[in-house]
Structure formats: C-alpha cells, structure tokens
Amino acid sequence: MNRNGAFVGNLACFAAYAIFGFNIISCKNISIDGNITPMALFCLRSFGATALFWLWSAVTGRKERIEKGDFWKIALASFLGLFLTQVSFLFAITKTTAIDASIMSTLSPIMTLIISAIVIKERITWSGVAGIALSLTGVFILIFNCVSIRSGADSTSVWGIIGMIINTLSFASYVGIFKPLIQKYSVVTFMKWMFLFSSLMALPFSFGAFSASNLAAVPMDVMWQVLYVVVFATFVAYFLIPIGQKRLRPVVVCMYTYVQPVIAMVIALAMGLDTLNALKIMATVLVFTGVSLVNFVPKR
C-alpha cells in the first residue's frame, strides 16, 4: 500500500469515528427523549441508508454484479457489521452513560486481535495478553462502578455493559473477517447490498417498533439529531469505513475507536450528560493502557 493510499485510509477512518463520537451523544439524547424506541431508530437508520446508497448508485450509473456465492457472505457481514452492531449499541445506550459507552467502544481493537488469532491464527504476544487483561480489568471496574456507586447525571447497568461488549465484538468480527470481500467490490456496491440485507432483517420488527414510538411528539432538536444519525452516522460513516478497510489492516481500522471517547467525553461533560469520578478515570486509563500494549508494542 503506497503512502497516498494509507493517508486516504487513515483520513477516512478518522472522519468516520469522529462522526461516531458525536453519534454516541445524539443517540443518548434520543434515548433520553424516549419517543423513539431503539429498534425504531435502527429501522430509520437502515431504511434511510439503504435508500441513500441505492439512490447514489442509480445517479452515478455504476453497475457492478455480485457473484452469486458472495450474497450469503454479504448477508452475514450485514448481520455482524450493521444489524447486531447497531441494535446492541442502541439497546446499550439506553442503559449506559455516554462516557461509559465511549470507554467500552475502545475494546474493538482487542476484540479484533482475539478474532484474528482464532480465524487467521495470528500470534498473540505476551504484551497482547497483558493488554487484554488490563482492558478487561477496566471493564470490570466499570461494572463495579455501575452496581455500587450509581453516581452521575445518569447510571450504567450491567446489561448496558453487556450490550456494548456485544457491540464491539460483532463490529470487530465484521472488520476482521470480511476485508477480502470488501476489497472485491466498490464501496457503494458493497454498502448498498449490506444495508439492503439489514433492512430486510429489520423489516419484521419495524411495525412493532414504530407502533411503540411516538414520532409526532419528537421535539425538533431531537429530530435534527435523528437526521444526523441517519445521514452522517450511518450513510456517510459507513461509506468511509470500507475506504479505510481497503487500505489498512483490520486492527488499525479499529484503533480509530480511540477518537470516539475523546469527542464523546468532551461533549457529554460540557452538556452535563455525565460526570467523571475516580473509578471511571481508573477504568479509562486501564482500557487505554491495555489497547496500547496490544497495538503499539513493536512485534517481530
């Protein structure tokens, strides 16, 4: 990969995860409003992005055929990278604070390392084992904090943390397993089929989700945040990530999750959506130290 390709890949990933950082706050605000259920928000994201990607494909006039044997692979990639990732996150954000959710999101590189070791037999060094242990310690501190302290503008439950673990594991699986498939097709072609499959998965839940929501009562400021989530945090961000996946190693792509907590923490503290305490700071330090050991210690 030449320098220009690596630069484009890094820039695309940075922009995508910066968008995701704002997305954490927007989804938290939408959940606080309570008029849109998590599944309804997922349906809006999935249906909206599907329409935008297929429209873009039609406007640009690019026609690219998918090999018959790849459709089931794209469907599986859609389940891991879109359906399970987004549904678990939207469930978790209703049961976690914005800062705790952003801390948990940084576990993706470690999840990717573990999956790479299982799927492609990548060797894990002692520094990797130590990093995993430190990061998991940080997660356990968050669990202790949410059960015993219950402080801050909102509280985090164990179910919320479990939801974020599922979120990071499913997205890491998508990033770590499907790079060859992503490189095979253009970004627009791949994503339009990805979102079409996610829309089909969401369809059985859509009627109940929208029936349980009260879209007419959503305030205008929250509606703007819903629009941001659909257009930027879904359509734009998921367009940018495959650009990075084509040019960077899977672990490097996931390393950009570090951008999320920085942005989310600053916004959450400024808006009074969360507070910091000693245990959260300790958990943050342990998680970041762990991922640093996993990713930045030179390997032979």
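Start by selecting Ser46 and Ser199 in this predicted model: their side chains make a polar contact at 3.1 Å. Ser46 sits in helix α2, which covers residues 38-60. Is Ser46 buried or exposed? With a relative accessible area of 0%, Ser46 is buried, so you may want to hide the surface before you look for this pair.

**Zoom out to the whole chain**

Switch to a cartoon view and colour by secondary structure. The chain has 13 helices and zero strands, and from the N terminus on every element in the run is an α. If you colour by accessibility instead, buried residues account for 56% of the 300 residues in the chain.

**The salt-bridge network**

Next, select Glu67, Asp70, Lys73 and Lys184, and show their side chains as sticks. How many salt bridges does a search of the whole structure find? The search finds three.

Begin with Lys184 and Glu67, whose closest N and O atoms are 3.0 Å apart. Lys184 belongs to helix α8 (residues 179-184), while Glu67 is in the loop between α2 and α3 (71-92), so this pair ties together parts that are 117 residues apart in sequence. Both ends can be found from the outside: Lys184 is partly exposed at 39% relative accessibility, and Glu67 is partly exposed at 46%.

Now keep Lys184 selected and move to Asp70. These two also form a salt bridge, with the closest N and O atoms 2.9 Å apart. Asp70 lies in the loop between α2 and α3 and Lys184 in helix α8, so here the parts tied together are 114 residues apart in sequence. Salt bridges with shared partners join Glu67, Asp70, Lys73 and Lys184 into one network.

To finish this stop, pick Asp70 with Lys73, whose side chains meet in a salt bridge at 3.7 Å, N to O. Asp70 counts as buried, at 3% relative accessibility, whereas Lys73 counts as partly exposed, at 32%.

**An enclosed helix**

Select residues 98-105, which make up helix α4. Why can α4 be called largely enclosed by the rest of the structure? Eight of its eight residues are buried, so the surrounding structure largely encloses the helix. Label them as you go: Ala98, Ile99, Asp100, Ala101, Ser102, Ile103, Met104 and Ser105.

Leave Ala98 highlighted and add Ile267. The two are 169 residues apart in sequence, yet their C-alpha atoms are 9.3 Å apart in space. Ile267 is found in helix α12 (residues 259-271), and Ile267 is buried too, with a relative accessible area of 17%.

**Two kinked helices**

For the next stop, a C-alpha trace works well. Select helix α9, residues 187-211. From its first C-alpha to its last, this helix of 25 residues reaches 34 Å, close to the 36 Å expected at 1.5 Å a residue. Where is the kink in α9 centred? Look at Phe205, the centre of a kink of about 55°.

Then select helix α10, residues 220-247. This one has 28 residues and reaches 39 Å between its first and last C-alpha, close to the 40 Å expected at 1.5 Å a residue. Click on Ala237 to find the centre of the kink in α10, which is about 35°.

**Last stop: a nonpolar surface patch**

Turn the surface back on and select Phe91, Val158, Trp159, Ile162 and Ile166. Together these residues form a nonpolar patch on the surface, with about 450 Å² of accessible area. Which helix supplies the largest share of the nonpolar patch? Helix α7 (residues 158-177) does, with four residues.

One of the patch residues to click on is Ile162, whose place is in helix α7. Ile162 is partly exposed, with a relative accessible area of 34%. As a reminder while you rotate the view, an α-helix has 3.6 residues a turn, so residues three or four places apart point the same way.

Note on methods:
Residues numbered from 1 in each chain as written. Predicted model: local features only at pLDDT ≥ 70, side-chain atom pairs only at ≥ 80, totals over all residues. Heavy atoms only, no water. Patch = residues over 30% accessible without salt bridge, like charges linked within 9 Å, V, L, I, M, F, W, Y side chains within 5 Å. Areas by Shrake-Rupley, 256 points an atom, 1.4 Å probe, with all protein chains shown as cover. Salt bridge = Lys/Arg side-chain N within 4 Å of Asp/Glu carboxyl O. Helix = DSSP H or I, 4+ residues; strand = E, 2+ residues; numbered from the N terminus. Buried < 20%, exposed > 50% of the residue type's maximum accessible area, 1.4 Å probe, protein only. Expected span 1.5 Å × (residues − 1). Bend = angle between axes of the 7 residues up to and from the residue. Polar contact = N/O pair within 3.5 Å; in protein donor to acceptor, adjacent residues only side chain to side chain.
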